[in-house]
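User: I am new to this structure and would like a close look at one part of it. Please take the salt bridges as the part to examine, and then connect them to what surrounds them.

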Amino acid sequence: MPGDEAPAPAPAVAPAALARAEQFIWLTARVLEQRRFAFHFLGGDADPVDAALGAYLGADGGYGHALDPDLRGPLSQPPHAAHALRILDGLGRCAGQRIERLCRHLTLVSTPDGALPLLRPGPRDHPTAPYHPVRDDPPGELLTTGPVVGLLHRNRIWHAWLFRATDFCWDRVENLRQGDPYEIQSAVAFLDGVPDRARASAAADRLGRLVRERRLAVLDPGRPEEYPPFPGHAPGERLFPHDYARRPDSLARGWFTDEELGRSLDFLAADQQPDGGWPLHRRAWAPGSSLERRPIATLEALLTLRAYGRPLGPTVSLPGPARPR
């Protein structure tokens with residue numbers, strides 16, 4: 001597999017990238033994304049992020065209220081849980097009673113095979129993206145189960161729910177043959193956290209060959225026509241190496257050469273829009289959802305670029321006022 005070469009020098013991101021992104025965040029983002037930006041890039045405290053995330057927590061221990069902007073309404077849904085765990089993982093706070101309660105909630109909403117559905121039906125309909133259909137009897141999905149299981153393992157959480165859910169993920173990952181790019185992303189999230197590193201490495205190696213053989217990653221952003229969109233996706237909806245390997249320590253990093261990853265990161269840096277945010281390369285279905293998701297995409301882009309050592313430039317403001325003594 002590629003990825004063993006010495007790293008090439010990273011070209012600099014435009015010095016104003018972080019300052020422009022900051023202005024975009026203050027102008028458009030929800031309180032949660034504003035607090036996350038302050039924590040990750042302005043030296044802010046984790047407590048305000050935690051408090052903002054708590055507004056999405058339901059009485060059942062799950063998360064709802066459009067934490068994932070593609071799912072509207074108050075109902076706790078598995079994609080919301082995955083999103084909450086990513087935030088808590090970034091804070092270093094993926095532990096404690098709330099995780100215990102979340103695991104109890106996941107146990108109650110799991111399918112008979114111990115996995116999480118994409119969406120669970122609720123007592124009344126709430127708007128959801130058309131690519132997230134609501135079914136009366138939904139099956140378990142790697143798309144939702146993989147990231148949740150991977151993040152729980154990554155944070156050394158042990159709960160009875162994890163045993164069957166982990167077995168489900170192993171079965172799906174090791175039998176993926178025609179994977180949707182997003183399903184492979186979820187497989188990577190699982191493999192990056194699961195404790196059996198030798199088995200995870202072997203599974204990741206096979207998935208990397210699948211991604212390359214089926215052209216599921218755009219290896220040359222200058223020639224996108226050579227990488228047709230996956231069936232059912234929007235015309236410009238393609239994944240790049242950085243979408244699979246969001247951090248240098250990801251198992252998916254070994255799927256790509258330094259040159260391929262460098263081009264991917266160059267493309268990501270250049271994709272910042274004049275307003276300072278990053279665009280959404282997926283089907284737009286509701287103005288509110290797109291507006292709320294762009295700051296999330298912007299944060300993810302900045303975190304990925306920083307993880308790979310790309311200089312982002314200074315911010316334009318200092319952290320908020322000090323906490324009263």
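Analyst: What follows starts with how far the model can be trusted, goes through the salt bridges, and then turns to two helices, a loop residue and the cysteines.

The model is predicted. Its chain has an average pLDDT of 90, and 92% of the residues reach at least 70. Two stretches fall short of that. Residues 6-13 stay under a pLDDT of 50, and the model gives them 12 contacts beyond four places in sequence. Residues 320-325 are also below 50, with 2 contacts beyond near neighbours in sequence. Where pLDDT is low, the predicted coordinates should not be read in detail.

Now the salt bridges. Side chains of opposite charge can pair when their charged atoms come close. The count for this structure is 22.

One of these salt bridges joins glutamate 292 to arginine 30, with N and O 3.8 Å apart. Glutamate 292 belongs to helix 12, which spans residues 287-307, while arginine 30 sits in the loop between helix 1 (17-28) and helix 2 (31-41); the pair therefore ties together parts that are 262 residues apart in sequence. Arginine 30 has a relative accessible area of 12%, so this residue is buried.

A second bridge also starts from helix 12. Arginine 293 meets aspartate 68 at an N to O distance of 2.4 Å. Arginine 293 is in helix 12 and aspartate 68 is in the loop between helix 3 (46-54) and helix 4 (78-91), so far along the chain that 225 residues separate them, and the pair links distant parts. Both partners are buried: arginine 293 has a relative accessible area of 12%, and aspartate 68 has 11% relative accessibility.

A third bridge stays within one helix. In it, arginine 209 pairs with aspartate 205, and their closest N and O atoms are 2.3 Å apart. Both residues lie in helix 9 (residues 197-213), 4 residues from each other, which is about one turn of the helix. Arginine 209 is partly exposed at 38% relative accessibility, and aspartate 205 is partly exposed at 28%.

Salt bridges can also share partners. Arg30, Glu33, Arg72 and Glu292 are joined in this way into one network. The pair of glutamate 292 and arginine 30 described above belongs to that network.

Next come two helices and how they are packed. In helix 3, the buried residues include Ala46, Val49, Asp50, Ala52 and Leu53. These residues cover an arc of only 165° around the axis, so they are on the same side of helix 3. Among the elements covering them are helix 2, helix 4 and helix 5. At the start of helix 3, a side-chain oxygen of aspartate 45 comes within 2.8 Å of the backbone nitrogen of aspartate 47.

Helix 8 (residues 181-191) has 9 of its 11 residues buried, so the rest of the structure largely encloses this helix. Those buried residues are Pro181, Glu183, Ile184, Gln185, Ser186, Ala187, Val188, Phe190 and Leu191. They pack against helix 6, helix 7 (160-174), helix 9 and helix 10 (241-244). Helix 9 thus appears twice here: it packs against the buried residues of helix 8, and it holds the pair of arginine 209 and aspartate 205. The N-terminal end of helix 8 is capped by aspartate 180, with a side-chain oxygen 2.7 Å from the backbone nitrogen of tyrosine 182.

Loops can hold buried residues as well, and threonine 111 is an example: it counts as buried, at 9% relative accessibility. Threonine 111 lies in the loop between helix 5 (97-109) and helix 6 (142-154). Leaving aside residues up to four places away in sequence, threonine 111 touches Pro117, Pro138, Pro139 and Gly140.

The cysteines come last. A disulfide is a covalent bond between the sulfur atoms of two cysteines. This structure holds 0 disulfides. For cysteine 94, the nearest cysteine sulfur is that of cysteine 103, 8.5 Å away. Cysteine 94 is buried, with a relative accessible area of 3%. For cysteine 169, the nearest cysteine sulfur is again that of cysteine 103, at 13 Å. Cysteine 169 is buried too, with a relative accessible area of 0%.

Technical notes: Residues numbered from 1 in each chain as written. Predicted model: local features only at pLDDT ≥ 70, side-chain atom pairs only at ≥ 80, totals over all residues. Heavy atoms only, no water. pLDDT = per-residue confidence, 0-100. Contact = heavy atoms within 4.5 Å. Disulfide = S-S within 2.5 Å. Buried < 20%, exposed > 50% of the residue type's maximum accessible area, 1.4 Å probe, protein only. Helix = DSSP H or I, 4+ residues; strand = E, 2+ residues; numbered from the N terminus. Salt bridge = Lys/Arg side-chain N within 4 Å of Asp/Glu carboxyl O. Arc of directions from axis to C-beta. Polar contact = N/O pair within 3.5 Å; in protein donor to acceptor, adjacent residues only side chain to side chain.
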